[in-house]
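Colleague: I should like to go through this model with you. Could we take it topic by topic?

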Amino acid sequence: MAELALRMAFSLAQITVVMGVIMLTIMVLTLAERKVLGWMQDRMGPMEVGPYGILQPVADGLKLFFKEDIVPAGANRFLFSLAPILALVAALIGFAVVPFGPDTTIELFGIQFKPFIISDINIGILYILAFTSIGAYGVILGGWASNSKYSLLGGLRSAAQVISYELNVGLAIVGVLLLAGSLSLVKITQAQAGWFWNWYVFAPPFPQLLAFVVYVISAVAETNRVPFDLPEAESELVAGFFTEYSGMRFAFFFIAEYANMILVSCIAAALFLGGWNAPYPGTALARMGFVQFAWVENVVWFAAKVYFFLFLFFWLRATLPRLRYDQLMRFGWKVMLPIALGNILVTAIAAYLFPR
Amino acid sequence: MAQLFFFYLAGIIVLTSILVVALRNPVYSALSLLIMFFHVAGLYVTLHAEFVAAVQIIVYAGAILVLYLFVVMLLNLHREDRYHAQFPLATLLGVTILTEVILLMLQRGDSGAPVATPVIAPPTPAIGNTEAIGEVLYSTYVFPFEVASLILLVAMIGAIVLAKQDLFEQKG
């Protein structure tokens with residue numbers, strides 16, 4: 001019983017730390033997005049709050065917290081409140097199986113713990129896919145319950161878009177799973193140790209470059225970001241499914257979107273770019289004799305890869321115009337899906353002919 | 001402990017299944033179906049079938065139910081009273097079937113027929129759940145698996161033919 005209590009206490013501590021880091025990252029991202037967009041468009045970005053505007057996220061958060069909470073007339077109150085919660089929970093729950101650092105175990109009071117992953121389950125990637133698909137409910141129900149044309153249209157668009165691109169995300173991942181022979185994110189990352197050509201983007205026998213491209217594009221579409229932000233296209237739908245939301249409920253949707261961005265970046269880093277592995281074998285700190293601090297280097301590499309993807313999101317937003325709805329659907333089903341299926345076929349043959 | 005989980009999950013499954021057909025708002029019905037899918041997945045987890053649990057959520061909750069909600073919203077059904085008019089007929093049928101079930105169970109108890117012992121599948125400790133399903137699916141059950149794929153393919157082609165009739169008329 002004491003062991004169970006200890007395990008639960010450790011898990012709770014891990015969850016607290018992970019949630020704290022995610023929320024902090026989201027705060028940084030809201031500022032970073034505006035700054036990066038500003039610099040790319042030859043502007044300064046937010047400059048007023050604090051030096052160089054670094055306190056802007058705090059001001060935004062406070063503002064949203066004190067805003068009046070409005071429920072539109074004729075809205076379904078229960079679903080209107082439930083939708084943002086569903087969206088946020090679905091976005092945050094996936095972090096439970098993301099390995100943030102090396103697969104080491106530490107021993108506390110005679111019980112083994114894995115410090116860098118909350119739960120190493122053997123169907124990790126399926127678990128994430130399952131819960132990201134639940135995120136669509138928040139968007140659809142939010143759009144429906146608002147009793148507004150714009151919200152409903154945004155919700156409907158989102159439903160079609162998420163279903164279409166979720167399929168591509170799932171199929172793009174299959175190539176990596178074939179090569180790794182496991183569904184656990186920890187095992188997949190471990191299989192990519194060594195030099196950077198062991199990462200599954202470049203890995204022999206068949207590089208997953210096409211799958212990587214399909215994954216990144218589909219991930220952008222799944223998180224409703226530019227150029228696939230049809231559900232919230234401001235020039236046609238005001239703000240899409242969260243048009244009627246205000247205050248903290250709006251903030252929930254907003255946080256969910258950024259948490260989803262971080263989650264898909266974590267998956268992309270773990271599956272295609274070697275996760276916590278450095279581009280060279282082992283770690284530099286371990287070679288210099290600081291074996292006990294090697295995990296710092298691993299975590300930094302993981303964070304660097306994740307932040308690279310997050311920067312990519314901003315970069316795309318500053319560069320590309322929005323697709324039309326029929327273009328989005330045609331691109332998803334007639335271009336991405338055949339590429340992903342072809343990749344599975346070729347990878348399966350390659351993995352059969354050249355088993356590693 | 002395991003029994004406690006089973007009774008919680010089974011109880012919620014029964015409750016939400018009843019709510020799916022009893023609630024008047026189709027969106028609430030869909031939501032109770034969502035809760036039911038999650039608890040069925042939980043039941044699979046207690047049986048150590050994690051792969052089936054994840055697939056259950058991905059396929060049913062992630063795809064099929066979203067499409068269902070999509071249609072409900074597209075038609076903008078706020079209340080659906082049409083099917084609740086069938087209540088007398090449904091009661092009649094339900095009571096008949098329930099009586100039959102009770103009679104059958106009583107009969108079996110009387111005849112003293114041997115109660116079927118559950119077949120316990122050999123445990124596969126060395127390999128994971130997912131690998132075990134893959135092995136079995138492509139060796140023992142490869143024929144039913146291929147037949148199921150073929151049926152799905154036919155259904156897909158049928159759906160396209162039905163939905164795209166104008167396409168064929170123009171050509172022919």
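Colleague: How much area does chain B expose, and what part of it do carbon and sulfur atoms supply?

Modeller: Chain B exposes about 12,900 Å², and carbon and sulfur atoms supply 75% of it. Accessible areas come from the Shrake-Rupley method with a 1.4 Å probe, and for residues only the protein chains shown count as cover. Please note that this is a predicted model, in which local features need pLDDT of at least 70 and side-chain atom pairs count only at pLDDT 80 or more, while totals for chains, interfaces and linings use all residues. Residues are numbered from 1 along each chain as its sequence is written, chains are lettered from A and ligands numbered from 1 in the order in which they are written, and side-chain values use heavy atoms, with hydrogens and water left out.

Colleague: How many helices and strands are there in chain B?

Modeller: Chain B has seven helices and zero strands, so its elements run α-α-α-α-α-α-α from the N terminus on. Helices (H or I, at least four residues) and strands (E, at least two) are DSSP runs, numbered from the N terminus.

Colleague: What percentage of chain B is buried?

Modeller: Of the 172 residues in chain B, 20% are buried. Buried means under 20% relative accessible area, exposed over 50%, and partly exposed in between (1.4 Å probe, protein chains only).

Colleague: And what share of its contacts joins residues at least 24 apart?

Modeller: That share is 60%, among contacts in chain B between residues at least 6 apart in sequence. A contact means heavy atoms within 4.5 Å.

Colleague: Turning to chain A, at what angle do α3 and α9 cross?

Modeller: Helix α3 (residues 77-93) and helix α9 (residues 247-271) of chain A cross at roughly 20°, and their axes come within 8 Å. Axes are lines fitted to C-alpha atoms, for helices over the stretch in contact, and angles run from 0 to 180 degrees between N-to-C directions. α3(A) and α9(A) are therefore roughly parallel to each other. Angles under 35 degrees count as roughly parallel, over 145 as roughly antiparallel, 65 to 115 as roughly perpendicular and the rest as oblique.

Colleague: Which residues make that contact?

Modeller: Among them are A:Phe80, A:Ile85 and A:Leu88 of α3(A), with A:Phe252, A:Ile255 and A:Leu263 of α9(A). By class, the contact of α3(A) with α9(A) has 14 nonpolar, two polar and one charged residues. Ala, Val, Leu, Ile, Met, Phe, Trp, Tyr, Cys and Pro count as nonpolar, Asp, Glu, Lys and Arg as charged, and the others, Gly among them, as polar.

Colleague: How do α5 and α7 of chain A cross?

Modeller: Helix α5 (residues 149-180) and helix α7 (residues 209-222) of chain A cross at roughly 155°, with axes that come within 8 Å. That makes α5(A) roughly antiparallel to α7(A). The contact of α5(A) with α7(A) has ten nonpolar, three polar and two charged residues.

Colleague: Is A:Thr132 buried or exposed?

Modeller: A:Thr132 counts as buried because its relative accessibility is 14%. It is found in helix α4 (residues 124-145) of chain A. Not counting residues up to four places away in sequence, A:Thr132 touches A:Glu166, A:Glu222, A:Asn260 and A:Leu263.

Colleague: Where is A:Asp42 placed?

Modeller: A:Asp42 is in the loop between α1 (2-40) and α2 (56-66) of chain A. A:Asp42 counts as exposed, at 73% relative accessibility. Although A:Asp42 is not a glycine, it has a positive phi of about 60°.
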